[in-house]
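Please open the structure in your viewer and keep the selection tool at hand. This tour proceeds from one selection to the next and explains what is found at each stop.

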Amino acid sequence: MHTIFLQLMNQERIQQLLQFVQQEPGEPFNVYALGMEYLSENPGQAQHYFERLLTEHPQYLPTYYHAAQLYADLGNRPKAAELYDFGLLLARQQGNEKTYDELNRALRAFRDEEDL
């Protein structure tokens, strides 16, 4: 019963976010939130929204951490590495040290997995 309730809540959020994306197509946060909603249940759909962000809003920094992790989880390590590297560059350009540090830690962990 609890799982069904959570799935319904997730579907309601997704429907609301889809409306927001239609109403404000130029707002990257709505697309990002939609990708995040799909991340655990439907990674392919999350990938679609992250790709949309990377294409339409390449300066939207929050995308890079989650998109890189998703590509790593999907087995596309070259794409994941590319996204980590670009995210680090973008964080540095934007002067966002917190995100730079988070991406750098994630990239180190990602590279450590390769060494195993």
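The stops below concern aromatic rings and the charged groups that sit over some of them.

The model is predicted, and five aromatic pairs are present in it. Begin by selecting F29 and Y32, whose ring centres lie 6.3 Å apart. Their planes meet at 45°, so this pair is classed as tilted. Both residues belong to helix α2 (residues 28-38), where a spacing of three residues separates F29 and Y32 by about one helical turn.

Next, colour these two residues by accessibility. Is Y32 buried or exposed? Y32 counts as buried, because its relative accessibility of 13% is under the 20% cut-off. F29, at 43% relative accessibility, counts as partly exposed. Now add Y60 to the selection: ring pairs join F29, Y32 and Y60 into a cluster.

Move on to Y84 and F110, an aromatic pair that is also tilted, with 5.5 Å between the centres and 50° between the planes. Which helices hold these residues? Y84 lies in helix α5 (residues 77-94) and F110 in helix α6 (residues 97-115), so the pair ties together parts that are 26 residues apart in sequence. Y84 counts as buried, at 1% relative accessibility, and F110 counts as buried, at 4%.

Finally, select two charged residues together with the rings beneath them. The charged end of K79 sits over the ring of Y71, at 5.8 Å from the ring centre. For R92, the charged end sits over the ring of Y100, at 3.9 Å from its centre.

Key:
Residues numbered from 1 in each chain as written. Predicted model: local features only at pLDDT ≥ 70, side-chain atom pairs only at ≥ 80, totals over all residues. Heavy atoms only, no water. Phe/Tyr/Trp six-rings, centres within 6.5 Å; stacked < 30°, edge-to-face > 60°. Helix = DSSP H or I, 4+ residues; strand = E, 2+ residues; numbered from the N terminus. Buried < 20%, exposed > 50% of the residue type's maximum accessible area, 1.4 Å probe, protein only. Lys NZ or Arg CZ within 6 Å of the ring centre and 35° of its normal.
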